[in-house]
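Subject: Structure handover

Hello,

Here is the structure I promised to pass on. Please open it alongside this note; what I found follows below.

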Amino acid sequence: TSKKRTLRTLFRPAALPPPVISETSPSQKKLLAYHRDKEQQEVLNQLLIDRALEVYYKTVDETDKRDAAPPIRELPSTVRKYFFIAEYLFLKERAQSNPMIPIQQQWLRSMLALLPRSLMEGRDRKLITEELLKEIVRDYEKSMQRCVLRRVLVKPDIKELDKLEEEAPLPLLPVGLDFSSTWHNSYIKAKQQIISTLHILHPTMKTLLDFGYRAFFNFLLVDFSSSREKGPIDCKSLKTDASLSCSKAEEEIMSTWYRRVVGLFSQSEALDGVKLDQLESFYNCVAVLMSNQLKGLLGRTTEVFVKLFDPEDGSRLPLFKMDLTYDEKRMEFYPSLQDLEEAILFVVNCIGQTLQNVQTMRAWLTGGTATLDAELPAHIALWAKSTLKKSIRDNLEGPKEHFKGYVESYGWLVDGTAEERINRFIAAQPSFDEYT
């Protein structure tokens with residue numbers, strides 16, 4: 001009833017805002033469930049400890065003091081079991097509370113370096129990367145914690161304890177792999193064996209590769225890429241040009257590349273480190289390497305020639321001169337479409353017949369007759385001919401339609417039909433007006 005102004009009357013009690021009721025997200029539900037399980041586990045552990053103490057003290061006479069309690073080993077097995085569980089959980093909790101060695105940042109950077117850059121660009125993907133690193137850190141800490149527990153603490157063989165700790169076993173080492181033996185000696189032995197038997201590692205082979213690259217990387221036996229700019233050519237000229245070009249290219253290769261190779265193996269330094277019993281295998285390696293270089297040149301020249309007849313790109317398609325002829329009351333192309341196809345395929349055959357008599361280095365040095373295997377690979381020759389036949393057939397559709405139009409319009413003038421009609425008209429002895 002006092003009218004004095006006090007703090008209670010000056011400041012009214014603060015009105016709390018109404019509780020906000022909102023649905024929990026899946027992540028919040030998972031987190032709440034985790035905390036709830038953890039709290040329940042702690043309560044259960046404490047109950048086990050309390051139960052063990054309760055059973056223990058009941059076994060002691062009430063008149064005795066607790067300091068005079070009998071040793072644990074003299075208690076019944078049921079009581080000892082509870083004590084072992086309580087002791088293990090206590091020690092486990094203390095071991096888990098110790099700080100762990102954190103994962104090294106260098107390891108995390110090495111893991112991120114294995115990911116493609118495209119998976120790490122963008123805001124969302126950056127968040128995913130951060131979540132991945134957090135998961136790695138959690139797995140690392142969990143594994144380290146479990147390993148420490150297994151090393152410092154022996155888990156008692158009690159069924160009730162197995163129900164409390166349901167965790168997957170630690171990963172085992174791969175079965176069948178022996179990591180105890182060293183690999184360094186076997187690695188050195190294998191390396192020495194490779195160096196002594198794999199002649200492609202010899203310095204001379206590197207020089208030979210360099211010769212081939214410099215001579216062939218921008219060289220073609222036949223080059224008709226600019227023939228369209230020169231105007232139409234006939235089939236005979238095509239064959240002649242292909243033969244001359246292949247012949248000149250072979251002479252140029254033999255006078256440059258082959259001469260340099262001969263000069264290389266004429267020096268004694270080319271066989272440094274090669275034993276006498278390895279000479280045959282060494283020269284076989286040289287022959288294979290030279291053969292591969294020549295086959296690569298033939299194959300690349302063939303592919304470039306075939307691409308000229310690509311129906312989808314007529315910018316470099318060669319032009320051919322063909323005449324529409326009349327002979328023995330027949331109209332036809334000269335040369336025929338079959339002759340045109342044969343002339344184009346002749347170029348592929350001409351390429352495949354080039355550089356077929358190149359001596360091996362062993363034959364050149366010893367005066368033998370063995371030659372390099374420089375034959376155009378069969379699958380490339382088959383692909384080139386089938387592709388060219390289809391391209392020729394597609395590109396000749398226009399000339400065929402043109403020829404068909406001539407035959408339909410004027411064929412009756414040259415096949416005897418017009419002459420027969422004239423003779424029949426004259427034999428009927430028409431009048432002057434009919435003649436007119």
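Is Gln429 buried or exposed? Gln429 is exposed, with a relative accessible area of 70%. Its place is the loop between helix H16 (417-427) and helix H17 (432-435). Gln429 is not a glycine, yet its phi is positive, at about 45°. Keep in mind throughout that this is a predicted model.

First, the overall picture. The protein has 17 helices and two strands. Of its 436 residues, 26% are buried. Take the contacts with a separation of 6 or more: 74% of them join residues 24 or more positions apart. The exposed surface comes to about 32600 Å², and carbon and sulfur atoms supply 55% of that.

Next, a helix pair. Helix H9 (residues 235-255) packs against helix H12 (residues 337-352) at an angle of about 0°. Their axes lie 9 Å apart. Angles under 35 degrees count as roughly parallel, and H9 and H12 are therefore roughly parallel to each other. H9 brings Cys235, Leu238, Lys239, Ala242, Ser243 and Cys246 to the contact. From H12 come Asp339, Leu340, Glu342, Ala343, Ile344, Phe346, Val347, Cys350 and Ile351. By type, the residues of this contact are eleven nonpolar, one polar and three charged.

Now the two sides of H12. Ahead of it is the loop between strand S2 (330-334) and H12, where Pro335 sits. The peptide bond from Tyr334 to Pro335 is cis, with omega near -5°.

On the other side is the loop between H12 and helix H13 (361-366), which holds Thr354. Thr354 is buried, at 3% relative accessible area. Its side chain reaches the backbone oxygen of Cys350 at 2.8 Å. Cys350 is also one of the H12 residues in the contact with H9. Leaving aside neighbours within four places in sequence, Thr354 is in contact with Leu221, Cys246, Glu250 and Leu298.

Leu355 is in the loop between H12 and H13 as well. Leu355 is buried, with a relative accessible area of 0%. Its phi is near 60°, a positive value in a residue other than glycine. Set that beside Gln429: phi is positive there too, but Gln429 is exposed.

When you go through the model, I would start with the cis bond from Tyr334 to Pro335, then go on to Thr354 and its contacts.

Best wishes

Definitions and conventions:
Residues numbered from 1 in each chain as written. Predicted model: local features only at pLDDT ≥ 70, side-chain atom pairs only at ≥ 80, totals over all residues. Heavy atoms only, no water. Axes fitted to C-alpha atoms, helices over the stretch in contact; angles between N-to-C directions. Helix = DSSP H or I, 4+ residues; strand = E, 2+ residues; numbered from the N terminus. Parallel < 35°, antiparallel > 145°, perpendicular 65-115°, else oblique. Contact = heavy atoms within 4.5 Å. Nonpolar A, V, L, I, M, F, W, Y, C, P; charged D, E, K, R; others polar. Buried < 20%, exposed > 50% of the residue type's maximum accessible area, 1.4 Å probe, protein only. Polar contact = N/O pair within 3.5 Å; in protein donor to acceptor, adjacent residues only side chain to side chain. Areas by Shrake-Rupley, 256 points an atom, 1.4 Å probe, with all protein chains shown as cover.
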